[in-house]
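Trainee: Got a minute to go through this one with me? I'd like to work from the ligand outwards and then look at the odd spots in the chain.

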Amino acid sequence: VATASGAPDPFLGCLAAAGVPPRLLHTPSSPSYAALLLSSVRNLRYVAPSTPRPLAIVAAAEPAHAQAAVRCGRRHGVHVRVRSGGHDYEGLSYASLDPRERFAVLDLAALRDVRVDAARAEAWAGSGATLGEVYYAVGAASRALAFPAGVCPTVGVGGHLSGGGFGTLMRRYGLAADNVLDAVLVDADGRLLNRTTMGEDLFWAIRGGGGESFGVVLSWKLRLVRVPETVTVFTVRRSINQSASHLITKWQQIAPALPRDLILRVVVQNRHAQFQALFLGRCSRLLRIMRAHFPDLGVTQPDCEEISWIQSTVYFAFYSSSKPLELLLDRSGETGRYVKAKSDYVQEPVPRHVWESAWSWLEKPEAGLLILDPYGGRMGSISPSATPFPHRKGNLYNLQYYSFWFDNGTAALEKRMSWVRGLYSEMEPYVSKNPRTGYVNYRDLDLGTNELAGNVTSYAKARIWGEKYFKGNFERLAAVKGMVDPDDFFHNEQSIPPLPLPA
Ligand code: FDA
């Protein structure tokens, strides 16, 4: 196996000697390289011609290939970036910001078996599976079981679970990471470990601390949760003229306090607020709850659709419950987009006048959208240190600022980026403080990036962004990193730095 220049590359030679078949090694000179690199990319900002590209893509087909990538990478000074679904907002699974970095992408897309044991209400899912593939397999096994995770079906299990993962069932069952029972991981020495052999500290860290700092998670054992065979969904749209500002203002206190069987999220775009609900029960009961808690929204019987939970995943992803379930298996999703996102946690209701002035931002031609996901319910009763994900009690909702565009010009990029950054900056007085927190799965490099201190990532520098994602859990994450990867093999622009063990 050779590099683009034809010279034998010791890293690739090592992989071949370790038994990785050449057909799974893709270098820039392979005809398959460009298409494979792009296959799961969800943000074209990180595949620009100027972005440093991997010297190889290792398309692992079995655990031994991932072990070989880690061992050979360490031996030959090649950094390994792990990619499951490729949805990282800042491209960290396939791109580097450092032109000097020699790195390979370890692509896990082929490791995507999902095996459901309906009788035990458990499943094993490969990291390369998408959420849609997990939902489809669970739904096929039982109408009364579900898995609580994100809304977009093309998101990869590997990145999503290792960063937390929330969706329409979180108020009832918490995060995806809260429902992980076991995991199989390749550590920095290339060993294959499970929960028992990795120990509880490392098992804690990979359920919300970002897997990429600790190893390569190959598969996850999931606790499936009970749902009624019939659930109810609705979407109601209210425009500025239909008192959208008033409704959003009220929603901020109502939604986090609703019964935990109900989630009512809001997407704000152009001149509208779209209220989307999933209720684990029938329409008649949902209407009673809405009348009691939020009569101003005016939800009525014709707004309701009674469907199965698996159909509800299609409903939230594709805005229609009548589309075929097989769409959940489509891994292609929405590619071809440039993306910038940021996030906040809101702990006190944002005053109405702020929402009224937000419309001037949302009506701009370069505007993106806002997604408001209410917490409360189960999210508020899990301790902030149970997993690295600290945003529990006291958070009303997660606020995401999301912009996407299709034009590859610099002018479009600058306008879109400054829209997201401008609105984020304007919201500062109204969101969490000291630190202003964000969600690691909505990766945002504006919060800070790593610097080296000697050969390893500086703890002092990393704290700047790290405490925004992890608050008090950051130090424990760094201590775990110090135990399991003191040489900092698994690093990227926002990886956890190793905290040296006290002498
Ligand atoms: P990707 O493969 O890019 O990995 C993301 C990060 O995790 C990288 O740093 C990577 O190295 C690391 N990683 C990936 N696999 C690993 C493994 N097996 N072992 C160790 N490290 C690994 N979130 C949410 O909570 N709820 C939601 O509803 C949504 N919706 C949503 C929609 C869309 C369109 C996008 C683009 C993103 C979301 N997200 C989300 C955010 C999503 O959860 C987040 O981007 C995940 O990290 C994506 O995981 P992937 O495996 O797809 O990403």
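Mentor: Sure. Before we talk about elements, helices (H or I, at least four residues) and strands (E, at least two) are DSSP runs, numbered from the N terminus. Also keep in mind that this is a predicted model.

Trainee: Okay, which elements each supply at least two residues of the shell around the ligand, and which one gives the largest share?

Mentor: Three elements each bring at least two residues to that shell: β3 (79–83), α5 (157–163) and β10 (216–223). One helix contributes three residues, the largest share. That helix is α5.

Trainee: And which residues come nearest to the ligand?

Mentor: The shell holds 31 residues. By class, they divide into four charged, eleven nonpolar and 16 polar. The ones that come nearest are Val82, Ser84, Ser93, Val217 and Tyr439.

Trainee: Which side chain has an N or O atom 2.7 Å from a nitrogen atom of the ligand?

Mentor: Let's sort the polar contacts by the kind of protein atom. Phe166 offers a polar backbone atom, 2.8 Å from a ligand nitrogen, and Glu212 also uses a polar backbone atom, at 3.2 Å from a ligand nitrogen. The 2.7 Å contact goes to a side-chain N or O atom, and that side chain belongs to Ser84.

Trainee: How much of the ligand's area does the protein bury?

Mentor: Start with the ligand taken alone, which exposes 950 Å². With the protein in place, the buried part of that is 94%.

Trainee: Between which domains does the ligand lie, and why?

Mentor: Look at who gives residues to the shell around the ligand. Two domains do, so the ligand lies between them: domain 1 (10–107) and domain 2 (114–226).

Trainee: On to the cysteines. How many disulfides are there, and what pattern do they follow?

Mentor: The cut-off to use is a pair of cysteine sulfur atoms within 2.5 Å. Cys14 and Cys72 qualify, with S to S at 2.1 Å, and Cys283 and Cys304 qualify with S to S at 2.4 Å. The count comes to two disulfides, and with bonded cysteines counted along the chain the pattern is 1-2, 3-4.

Trainee: How far apart in sequence are the parts that Cys14 and Cys72 tie together, and what is the handedness of the link?

Mentor: The link has -75° about its S-S bond, which makes the link of Cys14 and Cys72 left-handed. Cys14 sits in helix α1 (residues 10–17) and Cys72 in helix α3 (residues 63–75), so the pair ties together parts whose separation in sequence is 58 residues.

Trainee: Are Cys14 and Cys72 buried or exposed?

Mentor: Buried means under 20% relative accessible area. Cys14 is at 10% and Cys72 is at 2%. By that rule, Cys14 is buried, and Cys72 is also buried.

Trainee: What about the link of Cys283 and Cys304: left-handed or right-handed?

Mentor: Both Cys283 and Cys304 are buried. About the S-S bond the angle is 80°. That makes the link right-handed.

Trainee: And how far apart in sequence are the parts that this pair, Cys283 and Cys304, ties together?

Mentor: After the link of Cys283 and Cys304, which is right-handed, check where each partner lies. Cys283 is in helix α10 (residues 283–293), and Cys304 is in the loop between α10 and β15 (305–307), so the pair ties together parts whose separation in sequence is 21 residues.

Trainee: Which peptide bond is cis?

Mentor: Go to the loop between α13 (410–426) and β19 (452–453), the place of Pro435. There omega is about 0° for the bond joining Asn434 and Pro435.

Trainee: Ala121 has a positive phi; what is its value, and is the residue buried or exposed?

Mentor: Ala121 lies in the loop between β5 (114–117) and β6 (122–126), and its phi is near 55°. Its relative accessibility is 9%, so Ala121 counts as buried.

Trainee: Last one: how does Lys471 count by relative accessibility?

Mentor: Lys471 is in the loop between α14 (459–470) and α15 (473–484), with phi near 45°, a positive value in a residue other than glycine. Its relative accessibility is 32%, so Lys471 counts as partly exposed.

Conventions: Residues numbered from 1 in each chain as written. Predicted model: local features only at pLDDT ≥ 70, side-chain atom pairs only at ≥ 80, totals over all residues. Heavy atoms only, no water. Near = heavy atom within 4 Å. Polar contact = N/O pair within 3.5 Å; in protein donor to acceptor, adjacent residues only side chain to side chain. Areas by Shrake-Rupley, 256 points an atom, 1.4 Å probe, with all protein chains shown as cover. Nonpolar A, V, L, I, M, F, W, Y, C, P; charged D, E, K, R; others polar. Domains from an automatic or database assignment. Buried < 20%, exposed > 50% of the residue type's maximum accessible area, 1.4 Å probe, protein only.
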